[in-house]
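Let's take a friendly walk through this protein together. Keep the viewer open, and follow along as we go from one spot to the next.

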Amino acid sequence: MTFHLHKFPLMSKSRKLHRLITEQETRSSSSMALITVIDPKVEETDKKGKGHEIEDDKEEEEVEEQEIEENGYPHIKLEDFPGSSESFEMVAKFCYGVKMDLSASTVVPLRCAAEHLEMTEEYSPDNLISKTERFLSHSVYKSLRESIKALKACESVSPLAGSLGITEQCIDSIVSRASSADPSLFGWPVNDGGGRGNISATDLQLIPGGAAKSRKKPSRDSNMELWFEDLTQLSLPIFKTVILSMRSGDLSSDIIESCLICYAKKHIPGILRSNRKPPSSSSTAVSENEQRELLETITSNLPLDKSSISSTTRFLFGLLRTAIILNAAETCRDLLERKIGSQLERATLDDLLVPSYSYLNETLYDVDLVERILGHFLDTLEQSNTAIVEVDGKSPSLMLVGKLIDGFLAEIASDANLKSDKFYNLAIALPDQARLYDDGLYRAVDVYLKAHPWVSEAEREKICGVMDCQKLTLEACTHAAQNERLPLRAVVQVLFFEQLQLRHAIAGTLLAAQSPSTSQSTEPRPSAAIRNLTITEEDGDEAEGERQVDAGKWKKTVRENQVLRLDMDTMRTRVHRLERECSNMKKVIAKIDKEGSSPATTTDRPRSWSITKKFGCKFKTQVCDSHEATMVDHRSRRS
């Protein structure tokens with residue numbers, strides 16, 4: 001762009017322009033000068049975009065130069081000028097003494113332009129270099145968000161801004177103010193009014209905005225979100241430098257992680273399932289290689305310790321899915337898996353359902369990936385040894401993961417391509433302490449057997465072996481006892497353990513029924529003695545009131561005893577029916593034993609031992625007699 005300007009205002013402020021204009025004064029005595037600002041970046045872009053029009057542009061420039069020579073104006077060409085033509089226009093306004101608006105985005109290229117044109121204090125007092133430096137110190141470096149905007153402006157003049165120390169000072173300001181605990185420093189400019197000011201040749205002070213005084217300061221959370229969004233406008237090299245400075249400055253890992261999450265959401269499309277929108281036409285398309293480089297940079301800078309932000313786990317799963325799609329480096333994927341494993345208890349079932357993107361996997365979801373993540377979780381839990389134990393010596397996080405894995409098993413069990421070994425290995429990967437009850441595991445086993453009716457009997461028994469029948473609830477036992485898909489051994493085990501549960505329930509009911517009656521039978525004696533003492537000491541009215549209270553307690557106890565006896569009758573009926581079913585099962589099993597062994601061996605061997613040996617029931621051989629009020633050991637009865 002060419003500017004038609006007076007020589008003397010420019011020469012009075014810029015040593016470089018004074019030198020260039022003086023060199024051409026011998027050829028021209030005009031008071032005007034033509035200054036052409038050439039931006040190398042714009043010129044290179046024009047060459048790439050136009051191509052065949054370059055020769056036509058050269059001809060136009062030659063014609064323009066001939067007209068300039070005929071008019072007698074000195075012509076100055078400023079090649080490699082930092083900034084754009086807008087920056088030189090602001091320089092010209094400053095030289096002419098015109099007031100203009102300054103902001104964090106414009107002051108950086110203006111400072112670099114002043115350095116390029118040698119507008120120093122030695123050449124002219126109160127010059128542009130000192131005034132832009134004052135604006136940076138008083139209005140930009142004291143605000144977090146303004147420092148980020150200035151850092152963004154440094155990208156267009158990066159070599160000169162870096163040599164002048166502007167880039168480094170902006171980064172130092174960001175790191176120091178991001179670590180501050182004062183909420184007013186998070187994103188709230190010290191001098192508001194849009195962060196703009198009016199300057200002239202005589203005054204370059206920031207004019208405070210009147211509207212800013214009446215505006216209420218936002219909260220810390222909203223301000224942090226604002227400056228997180230501002231950081232996403234930075235280019236990847238500058239952003240990486242900021243993150244490295246944050247890490248070296250001992251900044252909170254949560255802040256660093258939040259910055260990385262916000263930047264990744266902005267520049268990696270489709271990282272979250274709930275936010276997958278087609279890119280707009282105005283947004284620049286990012287190539288696959290650039291996305292891979294960005295993802296590996298984000299992952300390598302993620303803090304390895306456990307995050308306190310609950311939403312981080314879903315974001316990490318999104319990063320992992322994207323890393324698999326982009327075929328990122330193995331170290332990148334391994335870091336993400338370890339990071340997810342350290343906080344797996346915060347994941348949801350939807351997070352674990354990662355599709356199999358490789359043609360080598362036959363299953364719909366990546367089961368091997370979940371197994372690796374689970375292994376990292378168990379390693380982290382074993383190394384930390386700081387889990388809070390609350391329920392029966394079990395870790396809450398371990399129990400949450402157990403419930404999560406059971407849900408995942410039930411989800412993938414319907415996949416026809418899922419091998420029994422993969423299902424079995426994932427089911428037994430968790431320790432016994434991870435499950436308080438095995439109902440979820442039983443549901444997954446039932447779904448798998450229903451979706452794979454062709455599985456052999458040996459594989460069915462192996463799959464059913466992952467669950468502990470003693471940890472099934474009464475409802476699950478009732479369902480399993482009638483489940484035709486389960487192998488015979490599993491059904492027998494469920495029936496016996498269901499009987500044991502009923503027996504323990506009956507024993508508890510009997511104890512509860514006997515204890516009130518016993519206490520009530522012995523209670524009148526001490527109460528009578530106490531009542532006699534009370535009568536001797538107090539009036540007869542009080543003794544009569546105590547008699548009425550004791551009578552009410554006795555009636556209440558009798559009613560409770562009647563209810564308990566009714567419950568006992570119901571329980572005995574249920575146990576009696578189960579004993580008949582069990583007796584039928586024993587007859588069938590005995591028949592099978594006779595067919596597979598010699599008669600002598602069969603008659604000599606006790607039937608209970610045969611059942612235990614045949615079906616692998618690992619429990620004491622005790623039965624419940626529905627005609628007795630107590631439980632009897634089978635061996636003692638036989639003796």
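Start with E337 and R372, which form a salt bridge whose closest N and O atoms are 3.0 Å apart. This contact ties together distant parts of the chain: E337 sits in helix α17 (residues 330-341), R372 belongs to helix α19 (residues 367-384), and the two are 35 residues apart. Keep in mind that what you are looking at is a predicted model.

How buried or exposed are the two partners? E337 counts as buried because its relative accessibility is 6%, under the 20% cut-off for that class. R372 has 41% relative accessibility, so R372 counts as partly exposed; that class lies between 20% and 50%.

Next, turn to K471 and D438, whose side chains meet in a salt bridge at 4.0 Å, N to O. This pair also links distant parts of the chain, with the two positions 33 residues apart in the numbering: K471 lies in the loop between α23 (457-464) and α24 (474-481), and D438 in the loop between α21 (420-427) and α22 (439-451). Here K471 is buried, because its relative accessible area is 18%. D438 has a relative accessible area of 3%, so D438 is buried as well.

There are further salt bridges to visit. E155 pairs with K152, and their closest N and O atoms are 3.2 Å apart. K152 counts as partly exposed because its relative accessibility is 36%. Elsewhere, R111, E115 and E133 are joined in a network of salt bridges. How many salt bridges does a search of the whole structure find? The search finds 21.

Now let's move to the beginning of the chain, where strand β1 covers residues 2-6. In a regular strand, side chains alternate between the two faces of the sheet. In β1, F3 and L5 make up the covered face, whereas T2, H4 and H6 make up the uncovered one. The partner of β1 is strand β2 (residues 32-37); the two run antiparallel and are joined by 5 bridges. If you click on F3, look across to I35, the bridge partner of F3 in β2.

From the strands, go on to helix α14 (residues 253-267), where you will find I261. I261 counts as buried because its relative accessibility is 10%. Which residues does I261 touch, leaving aside those up to four places away in sequence? They are T312 and F315. You can also check I261 against L319: the two are 58 residues apart in sequence, and their C-alpha atoms are 9.6 Å apart in space.

The last stop is a cavity. Searching the whole structure for cavities of 30 Å³ or more turns up 1, and the largest cavity has a volume of about 40 Å³. To locate the largest cavity, select L495, F496, Q499, L578 and C582, which line it. Two helices, α25 (488-522) and α27 (540-596), each supply at least two residues of this lining. Of the contributors, α25 gives the most, with 3 residues. What classes of residue make up the lining of the largest cavity? There are 4 nonpolar residues, 1 polar residue and no charged ones.

Methods
Residues numbered from 1 in each chain as written. Predicted model: local features only at pLDDT ≥ 70, side-chain atom pairs only at ≥ 80, totals over all residues. Heavy atoms only, no water. 1 Å grid on protein atoms, 1.4 Å probe; cavity = no way out; pocket = protein on both sides within 12 Å on 5 of 7 lines; lining within 4 Å. Points joined across faces, edges and corners; volume = space filled by probe spheres on them. Helix = DSSP H or I, 4+ residues; strand = E, 2+ residues; numbered from the N terminus. Nonpolar A, V, L, I, M, F, W, Y, C, P; charged D, E, K, R; others polar. Buried < 20%, exposed > 50% of the residue type's maximum accessible area, 1.4 Å probe, protein only. Pairing = 2+ DSSP bridges. Contact = heavy atoms within 4.5 Å.
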